[in-house]
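Please work through the exercises below with the sequence and the model open side by side. Try each task before reading its solution.

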Amino acid sequence: MDINFLQTQSIPLDIKNQHDSDCLAFAISSSEDGIWEYDIQSNATFVSKRWLEIIGYHEEEYSSSIESWKKLLHPDDLEEALGVLYGSIANKVESAHVRYRVRHKKGHWLWIYDRAKILFDTQGEPLIIAGFRTDITKQIELELHYEELAAIVQNTTVEVYILDTVTLKYLYANNGALKSLGYTLDELKNLTIFDINPDITLEDIDIFRQYLLNISPELTNLSTHKRKDGSVYPVQASVHKLTYQGQTAVVIFDTDITELTGIQNKLQHLATHDSLTGLPNRVLFHDRLEMAIKQTRRNEEKLAILFVDLDHFKQVNDSLGHSIGDELLIEVAKRLQSLLRDSDTIARMGGDEFNILLDGFDNTENIISLVQKCIDAFKEPFTVQEQRLYATLSIGISIYPDDGINAELLLKNADAAMYKAKTEGRNTYQFYAHEMSEKAYERVIMENSLRIALKDNQFRVFYQPQINLNSGELAGMEALVRWEHPTLGIVSPDKFIPFCEETGLIQEIDFFVLESVIKQQITWNLEGITIPKIAVNFSAKTLNSRSIADEVRTIMNFYRCPANCIAIEVTESHIMRNPDEAIKILRELQALGLEISIDDFGTGYSSLSYLKKLPINKLKIDQSFIRDIPYDEDDIAITKTIIALSHNLKLDVIAEGVETLEQQQFLIANGCPLAQGYLYSKPIDTESITRLIRSKEKWI
Ligand code: C2E
Ligand code: CA
Ligand code: CA
């Protein structure tokens, strides 16, 4: 550092002696600031080495002059920097300071804080200007960062408040808060938390204060806010401790959850109500029943459950379609509801089942009179889509505490009583009698053990060959499910499939069979055994499940199973229950490349016009027609007709239940190309069928 320069200039600083001068030289050399000096008379300039360090230059690279300083200045700051300097000189002000940016040698900008002293002579002419330049880049960046953060907080839609924990007044609120509440900041600052949170209690305040004493970092709760116009809305609040302007305070972040609460309420309603009739559903009924039982127990009263089931509702659905069925259910719900007191609960338990909870009744006569009123009310027809429909009710009644002391038992027994009413000829009611529960109990056991069977893998797939009557070769197989019960042994599907169809378990079973068949096809393929096609039975319930085609496609894709090695069998009567819907679904399955067969054909009364429209590939003549061939003339005629029909409609045809050589002979003579039956093999397990296939080339 060229200290001499300063020393030779006798004017700028008041240096009295050598000691002072040395101190000054030391101060300059160790200063964090860059030092500069400009002699106005001689136009000589000086800058300290530290200044050059700040801007990244070596001494030999930088010629010190006002011009080279100006060149480094940011164009946006040039005017102000010079303005301050020249303005101070003109106004004879002795000190000036200004912030500006200069370009570092490497190209980036530095923020500099420049403080200058101007020395005037006795006539007021400026002689020398000298100053300190501090690199304040970091500080400015930090300031900008805080400004940005402050702007974010100020403008976020989340409501932000800072609350004085002593006065409970607001010290700060952001725009989001002011907008939501409709107050100005000044207005809000005059309010306390009690004005904004109408339901906040002194106890809440205590929690607040408690919280301040604790170390827990965050507190959240739900509360309400009151706007300036008096309206209220729900908020989720999160509270944090902080120090604000030197005092302990809390910052509160509040989010308006009006929308969320709306959705939650809707979801809650959906989860507890039946979407068709708007009545409480099974879940809500159960809740109310349990509450009512508690209450009734306390008051030593009685309550009754009516289990109401529409008679023959299935027929309405099957013959008139689901949309009429649905509307009828809505009307039924309305009519039942109109007969009840407000304090009674009626719920739709699913399908055509309604449960009614009668709270606190005096005697059985009251129940009977209500039940009779319901049955009478149903003597009037319903009008649905301009059709007059009659519906009757079967009602089962169970009473707390006589017929059960918990909800499950009461419901189960009311259900059993309802079944009894059905068997008594419907359109009637039955009180629960203890011996009745046996049957209902069996049903529960059955349903439970079937669920366990699914979980524990007790189902097996058996295979029955299908034979090409022209070539004598294996044409395919049918997969038939068996239940390998741990104690009962093999249970045939007739014993459990109808029950599974009632409870909906059938879908899982059908998919279990489908997946097993696909896996078996892969195994056989690896073992060099080719089975052209394996037929899987799909129940109507499975077929009508919403995304059946998607699910089948997913499984097939997962195992990379070509579609043409699987066939789906659907019974004719299942299709005819709702032919239009069936056409739609079968079309989707067929589009996947699956073969579609109509099972038990001839028993389901399909009309020819529908048959033409159905997306199917094969008819499967029901075994009841084959059984008495060649003795029964009618069966012979029907079988011949079905074979001819299949030729006409260009469909494949297979006869099932073929047990004798005569039946086989008859089929060959009448042009039936395929057969299945005990003559070739009963349905047998995988190992046995594999052995059988290996041992045979020709089957006839
Ligand atoms: P289906 O689909 O009509 O199956 C043919 C039934 O006839 C089978 O009874 C089979 O063992 C029997 N059968 C085959 N050949 C002969 C024969 O020559 N003579 C006699 N008398 N009977 C023969 P199975 O296996 O007891 O199945 C009964 C019904 O259970 C099936 O009738 C089908 O409707 C249903 N089923 C079986 N497996 C499944 C399945 O995985 N899913 C669904 N949804 N239903 C299935
Ligand atoms: Ca079948
Ligand atoms: Ca069949």
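The exercises that follow concern a predicted model, and they deal with the ligand, a hairpin and some backbone features.

**Exercise 1. Find which residues are closest to ligand 1, and which elements supply its shell.**

Begin with the surroundings of ligand 1, where 23 residues are found, the closest being Gln464, Asp510, Gln623, Glu659 and Tyr678. Next, sort the residues of this shell by kind, which gives 9 nonpolar, 6 polar and 8 charged. Then turn to the elements: strand S19 (474-485), helix H18 (493-503), helix H19 (506-526) and strand S23 (595-601) each supply at least two residues of the shell. Of the contributions to the shell, that of S19 is the most, with 4 residues.

**Exercise 2. Locate the contacts that N or O atoms of Val481, Asp599 and Gln623 make with ligand 1, and state how much of the ligand the protein buries.**

Start with Gln623, where a polar side-chain atom lies 2.7 Å from an oxygen atom of ligand 1. Go on to Asp599, whose side chain has an N or O atom 2.9 Å from an oxygen atom of the ligand. Val481 takes part through its backbone instead, with an N or O atom 3.1 Å from a nitrogen atom of ligand 1. Finally, consider the area: taken alone, ligand 1 exposes 800 Å², and the protein buries 85% of that. The space that ligand 1 takes is the second largest pocket.

**Exercise 3. Describe how strands S6 and S7 pair, and what phi Leu168 takes in their hairpin.**

First, place the strands, S6 at residues 159-164 and S7 at residues 170-173, and note that they pair in the antiparallel sense over 3 bridges. One pair to look for is Leu163 with its bridge partner Tyr170, which belongs to S7. Then follow the chain through the 5 residues between the strands, where Leu168 takes a positive phi near 60 degrees.

**Exercise 4. Find where the cis peptide bonds before Pro401 and Pro630 lie, and where Asn43 with its positive phi is found.**

As background, most residues other than glycine have a negative phi, and most peptide bonds are trans. Tyr400 and Pro401 are joined by a cis peptide bond with omega about 0 degrees, and Pro401 has its place in the loop between strand S16 (393-400) and helix H16 (407-423). A cis peptide bond also joins Ile629 and Pro630, with omega about 10 degrees; here the loop runs between helix H25 (623-627) and helix H26 (633-648). Asn43, although not a glycine, has a positive phi of about 65 degrees, and Asn43 is found in the loop between strand S1 (34-39) and strand S2 (44-47).

Conventions: Residues numbered from 1 in each chain as written. Chains lettered and ligands numbered in written order. Predicted model: local features only at pLDDT ≥ 70, side-chain atom pairs only at ≥ 80, totals over all residues. Heavy atoms only, no water. Pairing = 2+ DSSP bridges. Near = heavy atom within 4 Å. Polar contact = N/O pair within 3.5 Å; in protein donor to acceptor, adjacent residues only side chain to side chain. Areas by Shrake-Rupley, 256 points an atom, 1.4 Å probe, with all protein chains shown as cover. 1 Å grid on protein atoms, 1.4 Å probe; cavity = no way out; pocket = protein on both sides within 12 Å on 5 of 7 lines; lining within 4 Å. Sits in = over half its atoms within 2 Å of the grid points. Nonpolar A, V, L, I, M, F, W, Y, C, P; charged D, E, K, R; others polar.
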